[in-house]
Amino acid sequence: MDSPTIESFRQAFFGPIDNYLSWHDGFDSVIDVAASLGGLTPAEKEQAAAELILALEHGPADARVVLGLAYLRHRPALPALNSYMPNAANYVLQAISQIDSTQLDLQRVARVLEAPDTQSLIDVLTGLGYYYTHAQLNADIVQRIINLLTHPDYLVRYHALQAARNIHGVPGLADDLNSLREDPIFANIISDKRPRDFRRAQELLLAEIRKVTGPDSRA
């Protein structure tokens with residue numbers, strides 16, 4: 001018979017949840033990961049990690065599984081986490097950065113950045129912008145992000161701009177509408193603009209990045 005702590009872990013990570021709240025406020029708002037995993041013994045943590053990986057590989061799984069592996073910093077989970085993208089890409093990118101950012105599968109990220117699904121693109125752009133720096137990625141990934149400034153969906157263009165700036169340590173977009181309107185790059189990617197404006201935004205962004213990284217940077 002399994003211990004009460006393991007049963008509590010299973011209930012927290014595999015039991016029913018409020019799907020609306022998890023979508024609206026994030027999965028970390030519906031589960032206390034530290035409380036569910038912090039009290040486990042080392043052997044129980046290994047067992048929990050194995051069950052989380054199994055769920056990730058065979059499903060059905062949700063982002064609670066990713067959050068659990070991130071908290072445990074379980075290195076053997078890295079291949080499964082990389083393979084799970086584009087699912088829960090924002091959470092997956094966070095988890096990999098917490099475990100070992102050098103193990104991010106950049107080729108897989110590049111493929112995800114070509115995904116036709118808008119939400120997948122937004123999730124991966126958000127994760128890259130929050131959790132990675134220019135030094136942790138490569139020129140191909142950065143260029144793909146900049147290319148997305150010409151994407152037909154405004155939200156993808158917006159998140160691509162945010163991600164590119166954050167990755168390079170350039171101040172991001174302000175929250176208030178007046179400041180956004182004064183942002184010359186943002187002004188070229190808003191929804192009523194045309195492809196030539198998007199290309200102009202790319203040129204301005206590259207110039208902005210070179211001010212931070214140096215004139216010889218390939219961004």
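In this predicted model, the lining of the second largest pocket draws at least two residues from each of helix 9 (118-131) and helix 11 (154-167). Helix 11 gives the most, with 5 residues. The pocket holds about 160 Å³ of space. Its lining consists of Leu125, Thr126, Gly129, Tyr130, Tyr158, His159, Gln162, Ala163 and Asn166. By class, 4 of the lining residues are nonpolar and 5 are polar, and no charged residue is present.

Helix 9 also takes part in the packing around helix 7, as one of the elements that cover the buried residues of helix 7. The cover further includes helix 5 (63-72) and helix 6 (78-84). The buried residues in helix 7 are Ala89, Tyr91, Val92, Leu93, Ala95, Ile96, Ile99 and Asp100. Helix 7 comprises 12 residues (residues 89-100), and because each residue should add 1.5 Å, a span of 16 Å is expected. The C-alpha atoms at its ends lie 16 Å apart, in agreement with that value.

The largest nonpolar core contains 67 residues. Those that touch the most other members are Leu69, Leu81, Leu104, Leu113, Leu128 and Ile145. For leucine 128, contacts beyond the neighbours within four places in sequence were examined. Leucine 128 is in contact with Leu93, a buried residue of helix 7. The other partners of leucine 128 are Leu104, Val109, Leu113, Leu137, Ile141, Ile145 and Ile167. Among these partners, Leu104, Leu113 and Ile145 are themselves listed with the core residues that touch the most other members.

Definitions and conventions: Residues are numbered from 1 along each chain as its sequence is written. This is a predicted model: local features need pLDDT of at least 70, side-chain atom pairs count only at pLDDT 80 or more; totals for chains, interfaces and linings use all residues. Side-chain values use heavy atoms; hydrogens and water are left out. On a 1 Å grid over the protein atoms alone, a cavity is a set of points where a 1.4 Å probe fits but cannot get out, and a pocket is an open set with protein on both sides within 12 Å along at least five of seven lines; lining residues have an atom within 4 Å of a point. Grid points are joined across faces, edges and corners, and a volume is the space filled by probe spheres set on the points. Helices (H or I, at least four residues) and strands (E, at least two) are DSSP runs, numbered from the N terminus. Ala, Val, Leu, Ile, Met, Phe, Trp, Tyr, Cys and Pro count as nonpolar, Asp, Glu, Lys and Arg as charged, and the others, Gly among them, as polar. The expected span of a helix is 1.5 Å times one less than its number of residues. Buried means under 20% relative accessible area, exposed over 50%, partly exposed in between (1.4 Å probe, protein chains only). Contact means heavy atoms within 4.5 Å. A nonpolar core is a set of buried Ala, Val, Leu, Ile, Met, Phe, Trp, Tyr and Cys residues joined through side-chain atoms within 4.5 Å.
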